[in-house]
Amino acid sequence: MKTLDSEKKKKLKVLYILNDLHQFTDQGILSPTALELPLELMKNGIDVRVFHPFFSEIRNSGLSYQELDMNFQIGLGERSYSGNFVRTTHPSGLECIINKNEGLCAHRLGMLEKTEEDPVHLERLSFFAHSVFAYLRLSGWIPDILHCQGWETGLVP
């Protein structure tokens with residue numbers, strides 16, 4: 001039988017999933033307003049990771065990032081897309097896991113001009129949603145809560 005003390009020791013884990021392109025600064029990093037909730041969670045001792053797409057602006061942002069040895073394939077209809085993950089630490093101290101596919105998520109600024117009717121947009125969002133579960137499967141890190149921020153993450157649940 002579990003005691004209250006043993007349950008208190010278990011650290012709650014949250015994956016904060018964000019694909020809202022408007023939440024990134026021109027420097028390619030997440031804006032402070034986009035991170036209010038995960039920062040508050042982190043301050044309260046919760047193991048929180050932020051998950052979002054890799055854009056070329058991230059490469060040019062000056063943030064150091066580490067390529068993770070987690071390559072994956074996602075089939076969408078008749079097409080197959082490969083990807084991998086990188087990890088970085090946001091200036092706020094939050095750990096960020098970033099899915100990377102140069103073809104679908106190359107340039108954030110160009111993606112802001114796309115509309116929901118753009119057929120590549122649907123593939124981009126589908127790839128992103130599937131990549132969340134590829135990360136969880138490959139990393140073995142299983143969160144207690146998946147927090148989906150914005151309509152773009154609606155395919156995850």
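Which side chains does a polar contact of 2.8 Å join? In this predicted model, the partners are Lys100 and Glu67. The account below starts with the fold and its confidence, then returns to this pair.

The protein chain contains five helices and seven strands. Read from the N terminus, the order of elements is α-β-α-β-α-β-β-β-β-α-α-β. Four strands thus follow one another after the third helix in that order. Two helices then precede the final strand. The chain has 157 residues, and 48% of them are buried. Among contacts with a separation of 6 or more, 66% link residues 24 or more positions apart. The exposed surface of the chain comes to about 8700 Å². Carbon and sulfur atoms supply 52% of that surface.

Confidence varies along the chain. The mean pLDDT is 80. A value of 70 or more is reached by 73% of the residues. Strand β1, residues 13-18, has the highest mean of any element, at 95. Helix α4 has the lowest, at 47. Over residues 107-112, pLDDT stays under 50. For this stretch the model has 17 contacts beyond four places in sequence. Helix α4 itself spans residues 108-111.

Lys100 belongs to strand β6, which covers residues 95-100. Is Lys100 buried or exposed? Its relative accessible area is 13%, so Lys100 counts as buried, the limit being under 20%. The side chain of Lys100 makes the polar contact with the side chain of Glu67. Lys100 also lies 5.4 Å from Gly83, C-alpha to C-alpha. These two residues are 17 apart in sequence.

Asn101 sits in the loop between β6 and α4. Its relative accessibility is 9%, and Asn101 is therefore classed as buried. A polar atom of the Asn101 side chain lies 2.7 Å from the backbone oxygen of Ser82.

Cysteines come next. How many disulfides does the structure hold? The count is zero. In general, a disulfide is a covalent bond between the sulfur atoms of two cysteines. Cys96 is buried, with a relative accessible area of 2%. Cys148 is partly exposed, at 26% relative accessibility. The value for Cys148 falls between the 20% and 50% limits, which means that this residue is neither buried nor exposed. Cys96 falls under the 20% limit and so counts as buried.

Helix α2 runs from residue 36 to residue 43. Its buried residues are Pro38, Leu39 and Leu41. Seen down the axis of α2, these residues fall within an arc of 160°, so they line one face of the helix. Glu36 and Lys43 are exposed on the other side of α2. What do the buried residues of α2 pack against? The partners are β1 and β2, the latter formed by residues 47-53. One of these partners, β1, is the element with the highest mean pLDDT. Just after α2, Gly45 adopts a positive phi of about 80°.

Helix α5 covers residues 119-139. Two of its residues, Arg124 and Ser126, are described here. Arg124 has a relative accessible area of 5% and is therefore buried. The C-alpha atoms of Arg124 and Pro53 are separated by 9.7 Å. Along the chain, Arg124 and Pro53 are 71 residues apart. Ser126 is buried too, with a relative accessible area of 14%. Which residues does Ser126 touch, not counting those up to four places away in sequence? The residues are Leu76 and Leu155.

Conventions:
Residues numbered from 1 in each chain as written. Heavy atoms only, no water. Buried < 20%, exposed > 50% of the residue type's maximum accessible area, 1.4 Å probe, protein only. Contact = heavy atoms within 4.5 Å. Areas by Shrake-Rupley, 256 points an atom, 1.4 Å probe, with all protein chains shown as cover. Disulfide = S-S within 2.5 Å. Polar contact = N/O pair within 3.5 Å; in protein donor to acceptor, adjacent residues only side chain to side chain. pLDDT = per-residue confidence, 0-100. Arc of directions from axis to C-beta.
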